[in-house]
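Please work through the following exercises with the sequence and the structure side by side. Each task is followed by a solution that goes step by step.

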Amino acid sequence: MAQGRVSAVVAAAVICLLVVALHCEVAEAATYVVGGRGGWTYNVSGWPGSKKFKAGDVLVFNYQKGAHNVVAVNNSGYDKCSTTPRNAKVYTSGKDRIRLVKGLNNFICTLPGHCGAGMKIQISAS
């Protein structure tokens, strides 16, 4: 009989945990493909539009490997199309996945003339 009570208590505890788990809001990061179907290319600065980005969301930069790159830069690097800071992270896979941090996230292509031709994007994440 004691074994039956233990089983009932365990079953009740499991049910309670499931109920709590179902009522908890699970925060999942969203994934966005920069530029949509066109991918990471020129004149994507308007792509963010009215999207609401959050820290932890993932940006996917799709482009032909070797034709472009993605460099995470600070505000000065974004404004001047330069690799600032000097140790800025450079991505070159053609299928780069970058997790957003809270605040401004700036990305440029550093191949000659690309950033100046509009291959840069600034994302604000809350």
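## Exercise 1: The chain as a whole

Buried residues make up 33% of the 126 residues in this chain, and the model examined here is a predicted one. Describe which helices and strands the chain has and in which pattern they follow one another.

*Solution.* Begin by counting the elements: the chain has two helices and seven strands. Next, read them along the sequence, where they appear in the pattern α-β-β-β-α-β-β-β-β. Then turn to the contacts with a separation of 6 or more, of which 68% are made by residues 24 or more positions apart. Finally, consider the outside of the chain, whose accessible surface comes to about 8100 Å², with 57% of that area belonging to carbon and sulfur atoms.

## Exercise 2: A sheet of three strands

Find the order of the strands in the open sheet that contains β1, β2 and β5, and state how they pair.

*Solution.* The three strands lie in the order β1-β2-β5, and the pairing is mixed. The edge strands are β1 (31-33) and β5, each of which pairs on one side only. On average, neighbouring strands of this sheet are turned by 20° against each other, if direction is ignored.

Now take the two pairings in turn. Strands β1 and β2 run in the parallel sense and are paired over three bridges, with Thr-31 standing opposite Val-58 in β2. Strand β2 (residues 58-62) and β5, by contrast, run antiparallel and are joined by five bridges, and here Val-58 stands opposite Arg-99 in β5.

As a last step, look at the side chains of one strand. In a regular strand the side chains alternate between the two faces of the sheet. Along strand β5 (residues 95-99), Asp-96 and Ile-98 point to one face and are buried, whereas Lys-95, Arg-97 and Arg-99 point to the other face and are not buried.

## Exercise 3: Three cysteines

Which cysteines are joined by a disulfide, and why does Cys-109 not form a bond with Cys-115?

*Solution.* A disulfide is a covalent bond between the sulfur atoms of two cysteines. A search of the whole structure finds one disulfide, and this link joins Cys-81 to Cys-115 with an S to S distance of 2.1 Å. The pair connects distant parts of the chain, 34 residues apart: Cys-81 is in the loop between α2 (75-80) and β4 (90-91), while Cys-115 is in the loop between β6 and β7 (120-125). With -70° about the S-S bond, the link is left-handed.

The two partners can also be compared by their accessibility: Cys-81 is partly exposed, with a relative accessible area of 30%, whereas Cys-115 is buried, with a value of 5%.

It remains to deal with Cys-109, whose closest cysteine sulfur is that of Cys-115; because the two sulfurs are 8.1 Å apart, they are too far from each other for a bond. Cys-109 counts as buried, at 1% relative accessibility.

## Exercise 4: The surroundings of Asn-106

Is Asn-106 buried or exposed, and with which side chains does its own side chain make polar contacts?

*Solution.* First locate the residue, which lies in strand β6 (residues 103-108). Its relative accessible area is 3%, and because this is under the cut-off of 20%, Asn-106 is buried. The side chain of Asn-106 makes a polar contact with the side chain of Asn-75 at 2.9 Å, and another with the side chain of Gln-122 at 2.7 Å. Leaving aside residues up to four places away in sequence, Asn-106 touches several others, among them Val-71, Val-73, Tyr-78 and Ile-121.

Note on methods. Residues numbered from 1 in each chain as written. Predicted model: local features only at pLDDT ≥ 70, side-chain atom pairs only at ≥ 80, totals over all residues. Heavy atoms only, no water. Helix = DSSP H or I, 4+ residues; strand = E, 2+ residues; numbered from the N terminus. Buried < 20%, exposed > 50% of the residue type's maximum accessible area, 1.4 Å probe, protein only. Polar contact = N/O pair within 3.5 Å; in protein donor to acceptor, adjacent residues only side chain to side chain. Contact = heavy atoms within 4.5 Å. Areas by Shrake-Rupley, 256 points an atom, 1.4 Å probe, with all protein chains shown as cover. Pairing = 2+ DSSP bridges. Axes fitted to C-alpha atoms, helices over the stretch in contact; angles between N-to-C directions. Disulfide = S-S within 2.5 Å.
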